[in-house]
Amino acid sequence: METNLKLVDVVVEMLDARIPRASSNPMLIKMIGNKPKVIALNKTDMADKEKTALWLENLKAKSFAVVQVDCAKGKGVKQLIGAIQKAAEPVTAKWLKRGVHNRPIRVMIVGVPNVGKSTLINRLVGRRTAMTQDKPGVTRGPQWITIAKGLELLDTPGVLWPKFEDQEVGLFLALTGAIREEIFDKSIVTELLIKKLQKEYPQVLSSKYGADIEQEDAINTVYEKIAKARGCLKAGGIADVDKVVNMVLRDFKSGKLGAFTLDKPPDKK
Ligand code: GDP
């Protein structure tokens with residue numbers, strides 16, 4: 001990826017709007033130096049709108065521009081192209097001074113696994129993807145696809161391997177599919193999710209599962225209440241915690257629980 005980064009003029013870093021902090025890689029800034037960076041905040045359909053607004057404000061300070069996108073539905077893609085073109089203006093101006101005309105601006109998309117990079121590339125490229133073909137025996141170099149006048153996109157995204165020192169970041173990445181869930185014990189991931197929901201979205205679990213869950217309930221109490229309300233019981237009426245864990249995780253991942261932002265937006269200065 002670092003080799004490809006050298007070839008581009010503008011970098012698009014894609015972040016997951018549910019975890020803008022955990023899905024960003026602090027090493028990227030070192031890799032791109034002073035190349036303009038545009039942030040695409042994706043999966044906004046699955047995130048908390050109010051918190052997304054706060055994150056947008058915060059991230060603006062750290063990049064050339066931030067654009068809210070929902071690549072599943074194709075929302076915000078036009079605005080993203082506009083932001084990339086704007087970010088490239090100083091680069092083009094520099095070239096013009098040196099007498100370089102008509103050189104296309106080259107851009108690449110980077111981000112952690114599963115954030116939506118390929119979906120965005122398909123949105124940007126549309127049907128033209130069919131043009132790239134795999135010929136056996138021919139090593140394929142980087143392929144550039146024109147996505148707007150004077151704007152070329154690298155057809156393969158840069159995968160940023162998540163880097164995390166604190167466990168919470170790792171657990172958030174597991175919850176959103178950026179790292180394999182099996183890396184952590186499912187019950188640890190679910191416990192963190194439930195604690196976050198109890199704190200930030202106190203009504204959600206009660207209304208979703210029809211259980212009277214209090215904000216201060218301990219994790220085992222929450223499991224027991226959900227198990228009872230949903231009939232996740234083992235012989236003898238004992239709560240089937242594994243079943244509850246799997247259900248809560250599934251409901252969160254599919255969006256059935258609702259739209260949440262797990263990373264707290266930093267306080268305004
Ligand atoms: P990549 O690993 O970064 O290339 O991620 P993909 O493009 O393969 O997307 C991973 C998953 O996220 C796929 O199931 C996509 O359909 C889904 N996805 C991508 N963008 C969005 C979005 O904006 N909203 C939602 N809800 N899902 C999305």
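A polar contact is a pair of N or O atoms within 3.5 Å. The views below show a predicted model.

**View 1. Polar atoms of Asp45, Lys117 and Ala72 beside the ligand.** In the side chain of Asp45, an N or O atom is 2.8 Å from a nitrogen atom of the ligand. Lys117 places a polar side-chain atom 2.7 Å from an oxygen atom of the ligand. Ala72 takes part through its backbone, where an N or O atom lies 3.4 Å from a ligand oxygen atom. On its own, the ligand has 580 Å² of accessible area, and the protein covers 69% of this area.

**View 2. The shell of residues around the ligand.** The ligand is surrounded by 15 residues, and the closest are Asp45, Asn114, Lys117, Ser118 and Thr119. Helix H5, which spans residues 117–125, gives the most to this shell, with three residues. Sorted by class, the shell has six nonpolar, five polar and four charged residues.

**View 3. The crossing of helices H7 and H9.** Helix H7 is formed by residues 186–200 and helix H9 by residues 219–230. Their axes come within 11 Å and cross at roughly 90°. Angles of 65 to 115 degrees count as roughly perpendicular, and H7 and H9 are therefore roughly perpendicular to each other.

**View 4. Residues that meet between H7 and H9.** From H7, the residues in contact are Ser187, Thr190, Glu191, Ile194 and Gln198. They meet Ile219, Val222 and Tyr223 of H9. By class, this contact has four nonpolar, three polar and one charged residues.

Definitions and conventions. Residues are numbered from 1 along each chain as its sequence is written. This is a predicted model: local features need pLDDT of at least 70, side-chain atom pairs count only at pLDDT 80 or more; totals for chains, interfaces and linings use all residues. Side-chain values use heavy atoms; hydrogens and water are left out. Axes are lines fitted to C-alpha atoms, for helices over the stretch in contact, and angles run from 0 to 180 degrees between N-to-C directions. Helices (H or I, at least four residues) and strands (E, at least two) are DSSP runs, numbered from the N terminus. Angles under 35 degrees count as roughly parallel, over 145 as roughly antiparallel, 65 to 115 as roughly perpendicular and the rest as oblique. Contact means heavy atoms within 4.5 Å. Ala, Val, Leu, Ile, Met, Phe, Trp, Tyr, Cys and Pro count as nonpolar, Asp, Glu, Lys and Arg as charged, and the others, Gly among them, as polar. A residue is near a molecule or strand if one of its heavy atoms lies within 4 Å of it. A polar contact is a pair of N or O atoms within 3.5 Å; within protein, one must be able to donate a hydrogen and the other to accept it, and residues adjacent in sequence count only if both atoms are side-chain atoms. Accessible areas come from the Shrake-Rupley method with a 1.4 Å probe; for residues, only the protein chains shown count as cover.
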